[in-house]
Amino acid sequence: MKKSTMMITGIMVFLVLVVGITAYLNQENAARKTKLNDDAIFTIYDDGQQIAAYNMVEIQAMGEERFQAHLKTNGKDPIPYTYTGVLLKTILEKAKVCFQGKTSVIVSAIDGYVVSVSTDKVMEDDNVYLAYMREGELIGTREDGGKGPYQMIIRKDAFSQYWCKYAYSAELK
């Protein structure tokens with residue numbers, strides 16, 4: 001066996017081990033995220049500490065609104081949709097987060113995607129929503145082909161590139 005073949009085989013074995021160990025260590029975290037997704041729990045963190053968690057009924061009771069936003073995907077023309085959700089700032093205010101000295105809200109998704117939105121943008125009226133319905137239907141979970149149960153939508157984002165599907169938490173930084 002050539003030296004280069006042995007080296008490539010060794011690297012592949014090492015990578016398989018790294019992936020396996022990482023998957024094992026992340027197993028508990030993945031199970032926790034799946035439960036949050038299944039229960040439609042949205043969690044609020046402030047400086048790394050969980051300060052609130054709301055289910056869909058509690059979020060709806062904060063004052064749901066219907067709004068239009070344009071979804072643009074893969075070079076296609078934007079498509080206007082009517083969404084139902086609650087302003088993210090309303091949810092954060094309900095959780096009594098401290099905005100002083102904070103510059104961004106980090107929204108995390110079940111699939112590992114993370115979006116940072118400035119607090120100024122979050123505090124704008126009629127802009128950043130946590131949506132759970134589109135065209136009168138629940139957005140649905142990842143498992144059933146949806147983009148939720150929650151999707152963070154920045155209404156004034158013309159290209160919808162900073163939206164976050166499968167959103168499960170927000171943290172002020």
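**Notebook: surface, core and an annotated span**

I began with the accessible surface of the protein, which comes to about 10,300 Å², with 55% of that area belonging to carbon and sulfur atoms. I note at the outset that this is a predicted model.

For the overall layout, I recorded 173 residues, of which 40% count as buried, and I found four helices and eleven strands. Along the principal axes, the C-alpha atoms fill a box of roughly 65 × 40 × 30 Å. I also looked at contacts with a separation of 6 or more, and 59% of them are between residues 24 or more positions apart.

Next I turned to the outside, where Met7, Ile11, Phe14, Leu15 and Val18 form a nonpolar surface patch with about 500 Å² of accessible area together. I picked out Leu15, which is found in helix α1, residues 3-39; I put Leu15 down as partly exposed because its relative accessibility is 48%, between the limits of 20% and 50%.

For a contrasting position I looked up Ile153 in strand β9, residues 151-154, and I entered Ile153 as buried because its relative accessible area is 0%. Leaving aside residues up to four places away in sequence, I listed Phe67, Ala69, Tyr83, Asn127, Val128, Tyr129, Ala131 and Trp163 as the residues that Ile153 touches. Asn127 is 26 residues from Ile153 along the chain, and I noted 8.0 Å between their C-alpha atoms.

Last, I checked the UniProt record, an unreviewed entry, which places the feature "domain: Oxidoreductase molybdopterin-binding" at residues 80-139. In the model I found this span to be 20% helix and 47% strand, with its end C-alpha atoms 15 Å apart.

Technical notes:
Residues are numbered from 1 along each chain as its sequence is written. This is a predicted model: local features need pLDDT of at least 70, side-chain atom pairs count only at pLDDT 80 or more; totals for chains, interfaces and linings use all residues. Side-chain values use heavy atoms; hydrogens and water are left out. Patches are made of residues with over 30% relative accessible area and no salt bridge: like charges are joined within 9 Å, nonpolar side chains (Val, Leu, Ile, Met, Phe, Trp, Tyr) within 5 Å. Accessible areas come from the Shrake-Rupley method with a 1.4 Å probe; for residues, only the protein chains shown count as cover. A salt bridge is a side-chain nitrogen of Lys or Arg within 4 Å of a carboxyl oxygen of Asp or Glu. Helices (H or I, at least four residues) and strands (E, at least two) are DSSP runs, numbered from the N terminus. Buried means under 20% relative accessible area, exposed over 50%, partly exposed in between (1.4 Å probe, protein chains only). Contact means heavy atoms within 4.5 Å. UniProt positions are given in the numbering used here, feature names are shortened, and annotations may be inferred rather than shown by experiment.
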